[in-house]
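User: I'd like to go through the labels on this model and ask what each one rests on. Can you take me through the reasoning?

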Amino acid sequence: MLGALKLPKMSIVGRDLTASIVVFLVAMPLCMGIAVASGVPPEKGLITGIIGGIVVGALAGSPLQVSGPAAGLAVVVFELVRDHGMSALGPILILAGIIQFVAGVARLGGWFRAISPAVVHGMLAGIGVLIVVGQFHVLFDAKPLPSGLQNLSAMPGRLLGLSPDNIAAAELAFGIGVLTITAMIGWEKFRPASMKLVPGALVGVLTGTFVAMAFGLDVARVNVPESIAGAVALPDAGVLARFMDPSIIAAALAIAFIASAETLLSAAAVDRMHDGVRTNYNKELRAQGVGNLLCGIAGALPMTGVIVRSSANVQAGATTRLSTMFHGMWILGFVALLPFVLREIPMAALGAILVVTGWRLVSLHHARHLFSHYGALPAFIWAATLVTVVAADLLTGVLVGIGLSMLELVPHARGLKLKVSEGPQGAEHAINLSGAATFVSLPKLSDTLERAPAGTPVRLDVSGLRTVDHTCSELIKDWFQRRRAAGDSVELLGGRGKTAALAH
């Protein structure tokens, strides 16, 4: 009888249990730090981490992806809270969650993957710049200013205002921040192989906290409630009226769009890290919708699938969704039983972790990759998206990037159709592509490639393609490398120009 239940083997449970501890240690400082960067209390990020682990982990279409508060939405939330107040966050997330769930039911998950990688990475780079220039001020126990440009222009004044002859709160906090960054980066660079799973963010926060405690430094510390239940803020009686506010609806659409794009980008990256179950993008979108709906009801931060925690999960040996769920339980248990430990963490230490996190989002390597492989236009789209996000706002930056992406279609405006034929041909699975492979046909291309049966040799004939844009080229390249990594035979026919590089 018990065998019919198909319970996970104890060896699998053991690997997921140990992996969950690693993810928990990575997630704790990031959940709190992203909340601080979003302009909300740290416990709001912890609630999102708990929901993302336990609930979304159980429902996810990407079993090894970890969901929680994301640095990519910190800037959006900061502006929403600044302009509309904390009370607006709940209704916005409830609507955003419903939008995501409906999109998943309508099987729109593949379309979010059609967003140009240049736009997505440009958006993340712009967010990274905003996080760095905003959290820089937290290193001095000060609050970030209202806009990215204001934060940037005020940075020299912060440094020049330090006085070695008059050690006060700002100097002490800055010292803790620098120590945290040094410990984090130093650990990641020099840690012994036997301790490679101990995250640098945890080491950095612990170092800053222990020094502040040992010397009794008078710096601002994290403020968390006695009970995690006290951090839950259910919607008030006026929530229905908020749903009719055009600005609330627009904000919900923006969060749903950005969170979905970041989640599915992360899920695609996670798929490249392991050989297990592949992502069901529509199921993942529905799970994220449920998660953000619950975060809205609880008055917490929005969530996405996050690559830092997800990669830690895979590298730690996770094999099923149990690891993600366990990590949510660890966060819940820690916050419920040991909140006094969190109250010793200096705010400057969390700000330091976010400065490093933001800096790593600004990937110049990706811009160089776009330029060297696909030419000047994709690299320009990346740069224009980044600059607009910093100078204006996130949504404007994304819209500018998408608008510029349309320029790639202009030379092929009269023939954008992608024709596909597929099926068994002897011992092989043959796929023939002809026409134009552009981002507008990416969902069709993705579905075609993923239908190729595992363990069967595949012959991909692209001789009939007139053009392949960088979005589809990256998709084909990732699929090609993943099949070969799994030991499958893949033959590419007719590759020329940029597509020919896929064969190597």
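**What the labels rest on**

Analyst: Sure. Let's begin with aspartate 141, which counts as partly exposed at 27% relative accessibility. Keep in mind throughout that this is a predicted model.

User: What makes aspartate 141 partly exposed, rather than buried or exposed?

Analyst: Buried means under 20% and exposed means over 50%. Aspartate 141 has 27%, so it counts as partly exposed. It sits in the loop between α6 and α7, and its phi is positive, about 60°, although it is not a glycine.

User: Which other residue that isn't a glycine has a positive phi?

Analyst: Arginine 107, with phi near 60°. This one is in the loop between α4 and α5 (109-112). Its relative accessible area is 61%, which is over 50%, so arginine 107 is called exposed. For a glycine with positive phi, look just after α3: glycine 85 has a value near 90°.

User: Why are glutamate 188 and arginine 360 called a salt bridge?

Analyst: The rule asks for a side-chain nitrogen of Lys or Arg within 4 Å of a carboxyl oxygen of Asp or Glu. Here the closest N and O atoms are 2.4 Å apart, so the pair passes. The two partners come from distant parts of the chain, 172 residues apart: glutamate 188 is in helix α8 (residues 169-190) and arginine 360 in helix α16 (residues 347-361). Glutamate 188 is partly exposed at 27%, and arginine 360 is partly exposed too, at 45%.

User: How many salt bridges does that rule give?

Analyst: Six. Among them is arginine 82 with aspartate 83, at 3.0 Å from N to O. Arginine 82 is partly exposed, with 40% relative accessible area.

User: How do you know whether aspartate 488 and arginine 483 are buried or exposed?

Analyst: Set both values against the 20% cut-off. Aspartate 488 has 15% and arginine 483 has 8%, so both count as buried. They also form a salt bridge, with the closest N and O atoms 3.3 Å apart, which is within the 4 Å limit.

User: What makes phenylalanine 24 and phenylalanine 334 a tilted pair?

Analyst: Two tests. Ring centres have to lie within 6.5 Å, and these are 5.9 Å apart. Then the angle: under 30 degrees would be stacked and over 60 edge-to-face. At 55° between the planes, the pair falls in the rest, so it is tilted. It links helix α1 (residues 10-37), home of phenylalanine 24, to helix α14 (residues 322-337), where phenylalanine 334 sits, 310 residues apart. Phenylalanine 24 is buried at 10%.

User: And why is the pair of phenylalanine 140 and phenylalanine 174 called stacked?

Analyst: Their planes are 20° apart, under the 30-degree limit, so the pair counts as stacked, with 4.8 Å centre to centre. Phenylalanine 140 is in the loop between α6 and α7 (148-160) and phenylalanine 174 in helix α8, 34 residues apart. Phenylalanine 140 is buried at 5%. Ring pairs also bring in Phe136, making a cluster of Phe136, Phe140 and Phe174. Over the whole structure, the search finds three aromatic pairs.

User: Which residues touch the most other members of the largest nonpolar core?

Analyst: Leu46, Ile92, Ile331 and Leu342, out of 96 residues. Helix α6 (residues 117-138) gives the largest share, twelve residues. Apart from this core lies another, of 21 residues, including Ala114 and Leu433. As for isoleucine 331, leaving aside neighbours within four places in sequence, it is in contact with Phe24, Ala27, Met28, Leu46, Gly49 and Ile50.

User: What makes valine 102 eligible for a surface patch?

Analyst: A patch residue needs over 30% relative accessible area and no salt bridge. Valine 102 has 48%, so it clears the area cut-off. It is in helix α4 (residues 89-105), and forms the nonpolar patch with Ile98, Phe101 and Val105, about 340 Å² of accessible area together.

User: Last one: what does alanine 169 touch?

Analyst: Asp141, Asp218 and Val219, not counting residues up to four places away in sequence. Alanine 169 is in helix α8. At 38% it lies between the 20% and 50% cut-offs, so it is partly exposed.

Definitions and conventions:
Residues numbered from 1 in each chain as written. Predicted model: local features only at pLDDT ≥ 70, side-chain atom pairs only at ≥ 80, totals over all residues. Heavy atoms only, no water. Buried < 20%, exposed > 50% of the residue type's maximum accessible area, 1.4 Å probe, protein only. Helix = DSSP H or I, 4+ residues; strand = E, 2+ residues; numbered from the N terminus. Patch = residues over 30% accessible without salt bridge, like charges linked within 9 Å, V, L, I, M, F, W, Y side chains within 5 Å. Areas by Shrake-Rupley, 256 points an atom, 1.4 Å probe, with all protein chains shown as cover. Core = buried A, V, L, I, M, F, W, Y, C linked by side-chain atoms within 4.5 Å. Contact = heavy atoms within 4.5 Å. Phe/Tyr/Trp six-rings, centres within 6.5 Å; stacked < 30°, edge-to-face > 60°.
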